Amino acid sequence: MRNARIRGMLTSRNSNRGRVWPWIPVLTAGVLGLYGCGQKPATVKTTPPKLTLYGLQKSGSIAAQVLDKKDQPIPGLPINWASSQTKVASVENGIVKSVGAGKTIITAEHAGFSGTSTVEVIDVRTITVSPPRTTLAGKKGDTVSFVAEVLDTKDHPTDLKPKWATTDANIATVDDNGTVTALAEGRVSVSATLGEIGGSADLRILFREIDTFIVHPTLIYLPTGGVQTLNVIAKSPDGVAIDDVAVVYASSDPKTAVASGGKVRAFAKGSTTIKATCGPRTAEIVVIVENRDAVPAAPGK
């Protein structure tokens with residue numbers, strides 16, 4: 001009815017021919033300025049469709065586009081943002097900030113059309129890489145393994161697998177499990193990261209033969225839960241000591257005790273033999289684990 005009245009006004013015989021109605025260009029410009037020439041909203045698309053944030057008070061971004069029925073973007077349109085679980089993550093102008101562990105749906109809306117993305121927040125506080133400093137002595141192609149301990153905000157360990165990298169792939173590469181392969185002599189940093197959170201270790205690579213390799217003590221008594229630091233001595237054929245040399249440890253009974261990063265850790269009552277390997281040299285450590293109140297004094301003490 002209203003449109004008919006407007007048409008009547010425009011075609012009235014009483015109207016002056018050739019007269020310009022000043023409100024018509026303003027109305028037309030307003031409509032075209034909002035949606036563009038012939039474009040009307042048909043959907044809203046958000047990217048990425050899934051976003052993972054590691055750690056609390058960390059940020060990520062989600063982009064939103066209003067599309068017409070031909071999937072062509074209509075730029076410059078206002079977007080309303082909302083999070084279904086504000087205790088997990090908040091959102092403002094597409095910037096998502098993690099609050100607590102869990103999942104939430106981020107919605108971008110314009111004129112009744114909306115798109116969504118799923119955001120998952122994973123509780124991570126620190127990543128520690130061990131050993132923190134080591135020297136890989138040997139030849140090209142030799143390997144050494146690093147371990148990443150991922151803790152949450154309550155200092156509980158998690159089973160999350162970080163992304164590994166080295167600062168110089170020409171000197172050393174690292175696989176998804178933290179095993180580094182030597183390619184050339186030099187120094188690199190080996191890092192393990194989850195989003196913005198990460199830890200690193202220093203690695204020196206020397207193409208040098210190991211002539212002397214000694215590990216002390218060779219007999220260890222530990223209570224369950226106990227830890228013993230090993231003293232490792234490695235020398236080249238010319239008698240030069242190699243500090244922080246990389247050692248590979250293997251336990252005959254990992255349920256009783258294991259060694260890594262120069263430390264023996266006891267888990268359960270029993271005995272095990274730990275083999276330490278450095279290049280072509282090996283050494284053995286016997287570990288006896290008793291209940292905490294039944295550990296005898298080490299021989300000679």
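## Strands β15 and β16

Let's start with a small pairing: β15 runs antiparallel to strand β16 (residues 179–182), and three bridges hold the two in register as partners. Within that pairing, Ala172 sits across from Ala182 in β16. Keep in mind that this is a predicted model.

The pair belongs to an open sheet of three strands, ordered β12-β16-β15, with antiparallel pairing. β12 (143–145) and β15 (172–174) are the edge strands with a single partner each, so each has one side without a neighbour in the sheet. On average, and ignoring direction, neighbouring strands here are turned by 20 degrees against each other.

## A four-stranded sheet

Another open sheet has four strands in the order β11-β18-β17-β14, and this time the pairing is mixed. At its edges are β11 (133–137) and β14 (163–166), each of which pairs on one side only. The average turn between neighbouring strands of this sheet is 25 degrees, again with direction ignored.

Inside that order, strand β17 (residues 186–194) and strand β18 (residues 197–206) run antiparallel and are joined by nine bridges. For a handy reference point, look at Val188, which stands opposite Leu203 in β18.

## Nonpolar cores

Now for the packing. In soluble globular proteins, nonpolar side chains tend to be buried together. Here the largest nonpolar core has 24 residues, and the members touching the most other members are Ile210, Phe213, Val245, Val264, Ile285 and Val287. Two or more residues each come from β19 (212–216), β20 (219–223), β24 (257–260), β25 (263–266), β26 (270–278) and β27 (281–290). The biggest contributor is β27, which gives four residues to this core.

Ile285 is a good residue to click on. Setting aside neighbours within four places in sequence, Ile285 is in contact with Val215, Pro217, Thr218, Ile220, Leu230, Thr272, Thr273, Ile274 and Ala276. Apart from this core lies another one, of 23 residues, including Val129, Ala172, Ala182 and Leu194. Ala172 and Ala182 are the two that stand opposite each other in the β15 and β16 pairing.

## Thr46, a buried polar residue

Over in strand β1 (residues 43–47) you'll find Thr46. Is Thr46 buried or exposed? Its relative accessibility is 8%, and the cut-off for buried is under 20%, so Thr46 counts as buried.

What does the side chain of Thr46 reach? One answer is the backbone oxygen of Thr116, at 2.9 Å. There's also a polar contact of 2.8 Å between the side chains of Thr46 and Ser117. Leaving out neighbours within four places in sequence, Thr46 is in contact with Ile62, Ala63, Ala64, Ala108, Gly115, Thr116 and Ser117.

## The loop at Gly261

Gly261 is in the loop between β24 and β25, and both of those strands give two or more residues to the largest nonpolar core. Not counting residues up to four places away in sequence, Gly261 touches Pro131 and Tyr249. If you want a distance to check, the C-alpha atoms of Gly261 and Ala246 are 8.4 Å apart, with the two positions 15 residues apart in sequence terms.

## Salt bridges

Side chains of opposite charge can pair when their charged atoms come close. How many salt bridges does the structure hold? There are four. One of them joins the side chains of Arg125 and Asp155, at 2.2 Å from N to O. Arg125 is in the loop between β9 (113–122) and β10 (126–130), while Asp155 is in the loop between β13 (147–151) and β14, so this pair ties together parts that are 30 residues apart in sequence. Both ends count as partly exposed: Arg125 has 39% relative accessibility, and Asp155 has 44%.

Lys139 and Asp142 form another salt bridge, with 3.2 Å between the closest N and O atoms. The two ends contrast here, since Lys139 is exposed at 56% relative accessible area, whereas Asp142 is buried at 17%.

Then there's Arg281 with Asp211, where the closest N and O atoms are 3.7 Å apart. This pair links distant parts of the chain, 70 residues apart: Arg281 is in strand β27 and Asp211 is in the loop between β18 and β19. Arg281 counts as partly exposed at 31% relative accessibility, and Asp211 is partly exposed too, with a relative accessible area of 36%.

Methods
Residues numbered from 1 in each chain as written. Predicted model: local features only at pLDDT ≥ 70, side-chain atom pairs only at ≥ 80, totals over all residues. Heavy atoms only, no water. Core = buried A, V, L, I, M, F, W, Y, C linked by side-chain atoms within 4.5 Å. Buried < 20%, exposed > 50% of the residue type's maximum accessible area, 1.4 Å probe, protein only. Contact = heavy atoms within 4.5 Å. Polar contact = N/O pair within 3.5 Å; in protein donor to acceptor, adjacent residues only side chain to side chain. Pairing = 2+ DSSP bridges. Axes fitted to C-alpha atoms, helices over the stretch in contact; angles between N-to-C directions.
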